[in-house]
Amino acid sequence: MNTEALCKRYLNALDRSDLSAVCSLFTADAVAHSPLYGVRPAREFYAELFADTNRSETTLLNVFDSSANGSAVALHFRYVWSLKSGRAATFECVDVFELSENRNQFTKIVIIYDTAHLRADFETSRR
């Protein structure tokens, strides 16, 4: 699978909150770095994220692909995230992925976005 297809599958699985589909794109030891959830194994992060999600929608804005010269790719997208509480947040996000040696899975994700406008709603919805 090429990098572009891998990234599109990721966003599609994220939109559907499909834990199995998302996890299939990551190596078993993959790690997620999230500004709201902290650092944890990718499987645990996505299980928590999807448990907190009522609905999500992504719109891809840019792909920064250095996989031909290295092992990284970044997705810049607009994310509409509806929490289980019903509160919704819309923001731009960059997900930076490290790729496995054969470039067919992710080994690490670093998620970058400003949490200031949604942190209070997020923390309230998790109580």
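Which residues do ring pairs link into a cluster? The members are Y10, F26, Y37, F45, Y46, F50, F97 and F106. Keep in mind that this is a predicted model. Here's a quick tour of the aromatic rings, the cavity, helix α3 and two residues of strand β6.

**Aromatic pairs**

- The count of aromatic pairs comes to 15.
- Take Y10 and F26: their rings sit 6.4 Å apart, centre to centre, with 70° between the planes, and the pair is edge-to-face.
- That pair ties together distant parts of the chain, with Y10 in helix α1 and F26 in strand β1 (residues 26-34), 16 residues apart.
- Neither ring is on show, as Y10 and F26 are both buried.
- Y10 also pairs with Y46: the ring centres are 6.2 Å apart and the planes meet at 80°, which is over the 60 degrees needed, so this pair is edge-to-face too.
- Here the link runs from helix α1, home of Y10, to helix α3, home of Y46, and the two residues are 36 apart in the chain.
- Why does Y10 count as buried? Its relative accessible area is 1%, and the cut-off for buried is under 20%.
- Y46 is buried as well, because its relative accessible area is 0%.

**The cavity**

- How many cavities of 30 Å³ or more turn up in a search of the whole structure? The search finds one.
- The largest cavity holds about 130 Å³ of space.
- Its lining is made of 14 residues, and the ones closest to the centre are F45, L49, Y79, I111 and Y113.
- Four elements each give at least two residues to that lining: α1 (3-16), α3 (42-51), β4 (72-83) and β5 (88-99).
- Sorted by class, the lining of the largest cavity comes out as twelve nonpolar residues, one polar and one charged.

**Helix α3**

- On α3, the buried residues are A42, F45, Y46, L49 and F50.
- These residues are on the same side of α3, because they cover an arc of only 120° around the axis.
- The general background is that an α-helix has 3.6 residues a turn, so residues three or four places apart point the same way.
- F45 shows up in several places: F45 is one of the buried residues of α3, belongs to the ring cluster and is among the residues closest to the centre of the largest cavity.
- L49 is likewise a buried residue of α3 and is listed among those closest to the cavity centre.

**Two residues of strand β6**

- I111 belongs to strand β6 (residues 106-112).
- Is I111 buried or exposed? I111 counts as buried, because its relative accessibility is 11%, and the limit is under 20%.
- Leaving out residues up to four places away in sequence, I111 touches H33, S34, P35, F45, C93, V94 and D95.
- I111 and G38 lie 73 residues apart in sequence, while their C-alpha atoms are 10.0 Å apart in space.
- T107 is also found in strand β6.
- T107 is partly exposed, because its relative accessible area is 24%, and partly exposed covers the range between 20% and 50%.
- With residues up to four places away in sequence again set aside, T107 touches T27, A30, V31, E98, L99 and S100.
- From T107 to S71 is 36 residues in sequence and 9.8 Å in space, C-alpha to C-alpha.

Conventions. Residues are numbered from 1 along each chain as its sequence is written. This is a predicted model: local features need pLDDT of at least 70, side-chain atom pairs count only at pLDDT 80 or more; totals for chains, interfaces and linings use all residues. Side-chain values use heavy atoms; hydrogens and water are left out. On a 1 Å grid over the protein atoms alone, a cavity is a set of points where a 1.4 Å probe fits but cannot get out, and a pocket is an open set with protein on both sides within 12 Å along at least five of seven lines; lining residues have an atom within 4 Å of a point. Grid points are joined across faces, edges and corners, and a volume is the space filled by probe spheres set on the points. Ala, Val, Leu, Ile, Met, Phe, Trp, Tyr, Cys and Pro count as nonpolar, Asp, Glu, Lys and Arg as charged, and the others, Gly among them, as polar. Rings of Phe, Tyr and Trp (its six-membered ring) pair if their centres lie within 6.5 Å; planes under 30 degrees apart count as stacked, over 60 as edge-to-face and the rest as tilted. Buried means under 20% relative accessible area, exposed over 50%, partly exposed in between (1.4 Å probe, protein chains only). The arc is that of the directions from the helix axis to the C-beta atoms. Contact means heavy atoms within 4.5 Å.
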